[in-house]
Amino acid sequence: MPKYILLLHEAPDVMPDFSPEQMQEIIDRYKRWRMSLAERGILSGGEKLRDGAGRVLRKNSSKLAITDGPYDESKEVIGGYFLLEAP
């Protein structure tokens, strides 16, 4: 069966306008949707990506530099993914 990846993205500037109750409803909707995929045998994986955990490794001459990043000026952030297997 073919595999598909769904990327979960958000616009960080929108979320601060939601109340805690609205945020919880969004989380609950994702959970119900994810459970329905699992019950049908379609969901084969997925993870929330960690905030601020990226690192960039660069070699300058003979030295290895490790910096935070990668950073991109973007209006959306990839927050996680679902891996699906379906016909």
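How many bridges join β2 to strand β5? In this predicted model, the two strands run antiparallel and are joined by 5 bridges. One pairing is easy to find by eye: Leu43 has Leu84 as its bridge partner in β5.

It helps to step back to the whole sheet. Three strands make up an open sheet, arranged in the order β1-β5-β2 with antiparallel pairing. Because β1 and β2 (43-48) stand at the edges and each has a single partner strand, one side of each is left without a neighbour in the sheet. On average, and with direction ignored, neighbouring strands of the sheet are turned by 15° against each other. A helix joins the picture here: α1, which covers residues 20-39, lies across β1, β2 and β5 and runs at about 25° to β5.

Gly79 offers a closer view of strand β5, where this residue is placed. Is Gly79 buried, exposed or partly exposed? Its relative accessibility is 25%, so Gly79 counts as partly exposed, given that this class lies between under 20% for buried and over 50% for exposed. Beyond its neighbours within four places in sequence, Gly79 is in contact with Leu8, His9, Lys48 and Leu49. Lys48 is a nice example of how folding brings residues together: 31 residues separate Lys48 from Gly79 in sequence, yet their C-alpha atoms are 5.9 Å apart in space.

Leu49 also appears on the surface. Together with Ile5, Leu7 and Ile78, Leu49 makes a nonpolar surface patch of about 360 Å². Among these patch residues, Leu7 has its place in strand β1, which spans residues 3-10.

Notes. Residues numbered from 1 in each chain as written. Predicted model: local features only at pLDDT ≥ 70, side-chain atom pairs only at ≥ 80, totals over all residues. Heavy atoms only, no water. Patch = residues over 30% accessible without salt bridge, like charges linked within 9 Å, V, L, I, M, F, W, Y side chains within 5 Å. Areas by Shrake-Rupley, 256 points an atom, 1.4 Å probe, with all protein chains shown as cover. Salt bridge = Lys/Arg side-chain N within 4 Å of Asp/Glu carboxyl O. Helix = DSSP H or I, 4+ residues; strand = E, 2+ residues; numbered from the N terminus. Pairing = 2+ DSSP bridges. Axes fitted to C-alpha atoms, helices over the stretch in contact; angles between N-to-C directions. Contact = heavy atoms within 4.5 Å. Buried < 20%, exposed > 50% of the residue type's maximum accessible area, 1.4 Å probe, protein only.
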